2 protein chains.
Amino acid sequence: MATIDDVAKAAGVSKGTVSSVFSKKRPISRPVTERVLEVAKGLGYYPSHVARSLAIKKTMIAGLKMPISKDSVMSGFEIQMINGVIREFSKQGYRLLLDTLPEHDDQTQFSIDPVDGVIMLNPRKQDPRIERYNQMGIPLVLIGRPDPIEEKISYVDNDNRHLSLQVGQYLINHGHTAILFLNSSADMTVAIDREHGLAEAFKQSGRSYDRVHVMNYSRRKHSNPTDYGYVSLKSIYEPNRFTAIITDTDRVALGVMRAARELGLDIPGELSLIALSNDATLAQEMTPALTSVELSAEMLGTEAAKILVEKMKDVDIVEQKIIEAKLVIRDSCRLL
Amino acid sequence: MATIDDVAKAAGVSKGTVSSVFSKKRPISRPVTERVLEVAKGLGYYPSHVARSLAIKKTMIAGLKMPISKDSVMSGFEIQMINGVIREFSKQGYRLLLDTLPEHDDQTQFSIDPVDGVIMLNPRKQDPRIERYNQMGIPLVLIGRPDPIEEKISYVDNDNRHLSLQVGQYLINHGHTAILFLNSSADMTVAIDREHGLAEAFKQSGRSYDRVHVMNYSRRKHSNPTDYGYVSLKSIYEPNRFTAIITDTDRVALGVMRAARELGLDIPGELSLIALSNDATLAQEMTPALTSVELSAEMLGTEAAKILVEKMKDVDIVEQKIIEAKLVIRDSCRLL
DNA sequence: GAAAATCATTAAACCGGTTTAATGATTTTC
DNA sequence: GAAAATCATTAAACCGGTTTAATGATTTTC
């Protein structure tokens, strides 16, 4: 590979001049510029991003730290969110370093990544990485809230508790109190938040929570989300046990619909159905169209990216943003 | 930020020693190692990935060059493929630099990215980037074939022509020759390949291609793929005009099914339906289950990544791989 | 037309690591 | 117990850019 020195020598100028021709930070006379460019082309010279980054302490790369599990696929929610992150950074001229590698806990393994800032997905409790980025002086924005919540940490999040509180209120107002809740995996914080929200709705309205049955998705028991919905309803259904089902996602609802069809249950006639997210954007396409919450996963991503871009200009900026979810009424719930 | 020099000074050793403690490339005695680590922790020192990369000429980052259009979302196919790339690189210890920025054609704007190799999605005709990466000495693997095809270029691809040839044969063998083909956008090479494949099937069997009607997806006319399927069937349907429909994706087929339901058409009784891909993995979930081609998008990604990993060890390796697509017969086609 | 001002270019230091050859201390050998 | 071998550490060069202060050439000023 040709380096800046090779070009300088061949063009009979100093490396500073070659540097200025490529970076355009200082004007270089027309004839010199042309000669340097000519020589560079002849030698197949391209400036090294790494060397440049070292000198200017800037990479125009943003990091996205995201765990990836070996056996499970990315959820529709994650995909949409990443999409939002990518789009916003792309618009702002940043590239994205996707880091899915697991953390080691060996001090010698950490290093300051070639990024100007980082978005971190789903921080863990007392996440040590947060303090580490702080020490490194790397701007950080979380997607999902830190635990414990701290004032100086920027993040964007959904309010899952509030969202399922709303759904609970909606169902209760429509006369449903015997509800099957097909929640997500028990180990996810969203699952806990959503369960609390639903319980809260019952508490506020003074109804008994006894006829609410909560199940959790389990990778061992269900081959995929649709299967989760299908199998759950098939196995647990008894006439008059439930009047409504809440599902984690639209895909789960799709499975529920198939099971209902096989059981001869009309939706929404005999069973109301509502999904807490519409990640695969299937709700509109089902028959009947599925009443669902729109989580705005993509917006979560773009907002996080926007905040990070601001922070990369001024580290002291702190912003915490809750993205509102909206309940979209379609045709799968009825008034009892 | 503390640097290696700060640590060396504070620990009373040379920077070479500090370097060895962190890189472990040379043994350093126990007491010295501990002292250095202690001091480093106190100073909040973390090695700079950029400086290290410059010295060792290696980043353990792989690049993914992928165009992103402002108005359209990533397709299910792209998402799955990227997923495959990410998973494989993650497994092999690489991180991914996702580059969605548009190309400039200014010589001074190119630079050697901080990557050890690159995967490039959908190369254009005579793509100048291919030669550029070659000059830079950066290993390259394409997803999609280069035009013109060259022996020294590594790539993975589907054989879209062959795949729709197979689908055509299957339909013809089942007595279908009046076919509506809801193809993808006219400007995509896959669309062209698939149309050729279908025509080929008719030619081979000696049937007339006259009753085949091809339509193309258009972002202006259709709000989303499902809408494309729905609107197209609704607007074009006349009794006995077609006995079968081929759709680009499972989502398009979903729209077709909804339109068919509204038109009172039984699938597969009065209309057979087949999809050329199952990106959203909806085929299994439809009623009736949709006969579809499985493109193995994720495998395309993992294979590309595997080849790149090999090339990053030995630049001279060249591999060209066609990922076979499989036609999966489910319940949406019938024998006439 | 000499002095002052402007302009283009350069030499050298710097960014923060790694690596090679040399050095000095310690251990082994006989 | 001196010579040889081994071991741990260091000084200095290097990776390939950017930037600052200095220099020499050119233009402007009066």
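Start at A:Leu98. Opposite A:Leu98 stands B:Leu96, in strand E2 of chain B. That places us right where two strands from two chains meet. E2 of chain A and E2 of chain B, residues 95-99, pair across the chains. The sense is antiparallel, over 3 bridges. Keep in mind that this is a predicted model.

Now widen the view to the whole interface. How many residues of chain A are in contact with chain B? The count is 63, and they touch 63 residues of chain B. In chain A, three residues lose the most area to chain B: A:Tyr46, A:Arg95 and A:Glu285. Together they make up 13% of what that side buries. A general remark: the size of an interface is often quoted as the accessible area lost when the parts come together. Here, the area buried between chain A and chain B is about 5,700 Å². Carbon and sulfur atoms give 58% of that.

Next, the polar side of the story. Between chain A and chain B there are 8 salt bridges. One I would pull up on screen is A:Lys24 with B:Asp106, where N to O is 2.9 Å. Across the interface, 28 residue pairs are in polar contact, both partners at pLDDT 80 or more.

Which elements of chain A give two or more residues to the side that touches chain B? Mostly a list of helices, so bear with me: H2 (15-23), H3 (30-43), H4 (49-56), H5 (76-91), H6 (128-136) and H10 (250-263), plus strand E2 (95-99). By class, that side of chain A has 28 nonpolar residues, 21 polar and 14 charged.

On to the chain as a whole. Chain A has 11 helices and 12 strands. Why call chain A more spread out than a compact globule? Its radius of gyration is 26 Å, and the globule rule gives 20 Å for 336 residues, so chain A is well over that value. Along the principal axes, its C-alpha trace spans about 90 × 40 × 35 Å.

Salt bridges again, this time everywhere. Over all chains, the search finds 45. One of them joins A:Lys65 and A:Glu103, with the closest N and O atoms 3.6 Å apart. A:Lys65 sits in strand E1 (61-65) and A:Glu103 in the loop between E2 and E3 (117-121), so the pair ties together parts 38 residues apart in sequence.

Now chain B, and some strand pairing. E9 of chain B and E10 (residues 291-294) run parallel, over 2 bridges. There, B:Ile274 stands opposite B:Thr291. E10 of chain B also pairs with E12, residues 326-328. That pair is antiparallel, with 3 bridges. B:Ser292 has B:Val328 in E12 as its bridge partner.

Last topic: backbone oddities. Most peptide bonds are trans, and most residues other than glycine have a negative phi. Three places here are worth checking against that.

First stop, chain A. A:Thr287 and A:Pro288 are joined by a cis peptide bond, omega about 0°. A:Pro288 is in the loop between strands E9 (272-275) and E10 (291-294) of chain A.

Next stop, chain B. B:Ile267 and B:Pro268 are also joined by a cis peptide bond, with omega about 5°. B:Pro268 lies in the loop between helix H10 (250-263) and strand E9 (272-275) of chain B.

Final stop, B:Lys24. What is the sign of phi at B:Lys24? It is positive, near 60°, in a residue other than glycine. B:Lys24 is in the loop between helices H2 (15-23) and H3 (30-43) of chain B.

Notes: Residues numbered from 1 in each chain as written. Chains lettered and ligands numbered in written order. Predicted model: local features only at pLDDT ≥ 70, side-chain atom pairs only at ≥ 80, totals over all residues. Heavy atoms only, no water. Contact = heavy atoms within 4.5 Å. Buried area = accessible area lost by both parts, 1.4 Å probe. Salt bridge = Lys/Arg side-chain N within 4 Å of Asp/Glu carboxyl O. Polar contact = N/O pair within 3.5 Å; in protein donor to acceptor, adjacent residues only side chain to side chain. Helix = DSSP H or I, 4+ residues; strand = E, 2+ residues; numbered from the N terminus. Nonpolar A, V, L, I, M, F, W, Y, C, P; charged D, E, K, R; others polar. Pairing = 2+ DSSP bridges. Rg over C-alpha atoms; globule rule 2.2 N^0.38 Å.
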